[in-house]
Amino acid sequence: LNSFFRDMNLWGLEAIKSFKPESKDANEIRGNLSRQLIPIYDKHVVSRERKTGRIEAMTISLGSPDYDPSNESIEEIQETKSGFEVKTKKKYPDDDGYFETYKYKLKSTKDGLLIDSRERYSDYEKKWVKDIL
């Protein structure tokens, strides 16, 4: 999971530098950034259709990368029938004391443990909600 965070952080830093929404080449840049995600996902994520996944939706945070191993810590690991659930705590350094809790479902595959999904705990709804991986 930390390796995925690191790879996504490096991608996110590059995406922030290269993506300019006002650029006339914004669609081309978005396409290039999306293609750069494919090897990261091939390495770390279960291969399946994700209609709202990051590759398809190509969402990026223009302030700072969505994944940062220095700001997201593993809090709990629980074994399941098909792999593991890993709960993390993501702190936002610019937002004094604010954090979110995520749950990553890792699935045991022939290629090892791969990330299958990510959920965020909604304090408002008081439940886990699907989140873009």
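K126 sits in the loop between β4 and β5, and that makes a handy place to start looking around this predicted model. From there we can walk through the hairpin, on to the charged pairs, and then into helix α1, the nonpolar core and the aromatic rings.

**The β4–β5 hairpin**

- Strands β4 and β5 make a hairpin that leaves four residues between them.
- The phi angle of K126 is near 60°, a positive value in a residue that is not glycine.
- Is K126 buried or exposed? With a relative accessibility of 60%, K126 counts as exposed, because the cut-off for that class is over 50%.
- The pairing of β4 with β5 is antiparallel and runs over five bridges.
- If you want a register mark for the hairpin, R120 stands opposite V129 in β5.

**Salt bridges**

- As a reminder of the chemistry, side chains of opposite charge can pair when their charged atoms come close.
- How many salt bridges does the count come to? The count is eight salt bridges.
- One of them belongs to the strands of the hairpin: D131 and R118 meet through their side chains, with 2.4 Å from N to O.
- D131 lies in strand β5 (residues 127-131) and R118 in strand β4, so this pair links distant parts of the chain, 13 residues apart.
- R118 is buried, at a relative accessible area of 5%, whereas D131 is partly exposed at 24% relative accessibility.
- E119 and K103 form another salt bridge, with 3.5 Å between the closest N and O atoms.
- Because E119 belongs to strand β4 (residues 112-122) and K103 to strand β3 (residues 99-109), their pair ties together parts that are 16 residues apart in sequence.
- Both E119 and K103 are buried.
- A network of salt bridges with shared partners joins K103, K105 and E119.
- On the helical side, the side chains of K43 and D7 meet in a salt bridge at 3.6 Å, N to O.
- K43 comes from helix α2 (residues 26-44) and D7 from helix α1 (residues 2-18), so their pair ties together parts that are 36 residues apart in sequence.
- D7 is buried, with 16% relative accessible area.

**Helix α1**

- Helix α1 has 17 residues, and the distance from its first C-alpha to its last is 24 Å, close to the 24 Å expected at 1.5 Å a residue.
- Which residues of α1 are buried? They are F4, F5, D7, M8, N9, W11, G12 and A15.
- For reading that list, it helps to recall that an α-helix has 3.6 residues a turn, so residues three or four places apart point the same way.

**The nonpolar core**

- The largest nonpolar core holds 20 residues, and F4, M8, Y104 and L133 have the most contacts inside it.
- Elements that contribute two or more residues to this core are α1, α2 and β3.
- Which element gives the most to this core? That is α2, with six residues.
- L133 has a long contact list even when its neighbours within four places in sequence are left aside.
- Among the residues in contact with L133 are F4, Y41, V45, Y67, Y104 and I115, and also R50, R54, D116 and R118.

**Aromatic pairs**

- The count of aromatic pairs comes to seven.
- In one of them, the rings of F4 and Y67 have centres 5.1 Å apart and planes at 75°, so the pair is edge-to-face.
- F4 is in helix α1 and Y67 is in the loop between α3 (54-57) and β1 (72-79), so this pair ties together parts that are 63 residues apart in sequence.
- F4 is buried at 1% relative accessibility, and Y67 is buried with a relative accessible area of 1%.
- Y102 and Y104 make a tilted aromatic pair, at 6.5 Å centre to centre with 40° between the planes.
- Y102 is buried, with a relative accessible area of 3%, and Y104 is buried at 0% relative accessibility.
- One aromatic cluster is made up of F4, F5, Y41, Y67, Y102 and Y104.

Methods. Residues are numbered from 1 along each chain as its sequence is written. This is a predicted model: local features need pLDDT of at least 70, side-chain atom pairs count only at pLDDT 80 or more; totals for chains, interfaces and linings use all residues. Side-chain values use heavy atoms; hydrogens and water are left out. A salt bridge is a side-chain nitrogen of Lys or Arg within 4 Å of a carboxyl oxygen of Asp or Glu. Buried means under 20% relative accessible area, exposed over 50%, partly exposed in between (1.4 Å probe, protein chains only). Two strands pair if DSSP finds at least two bridges between them. The expected span of a helix is 1.5 Å times one less than its number of residues. A nonpolar core is a set of buried Ala, Val, Leu, Ile, Met, Phe, Trp, Tyr and Cys residues joined through side-chain atoms within 4.5 Å. Contact means heavy atoms within 4.5 Å. Rings of Phe, Tyr and Trp (its six-membered ring) pair if their centres lie within 6.5 Å; planes under 30 degrees apart count as stacked, over 60 as edge-to-face and the rest as tilted.
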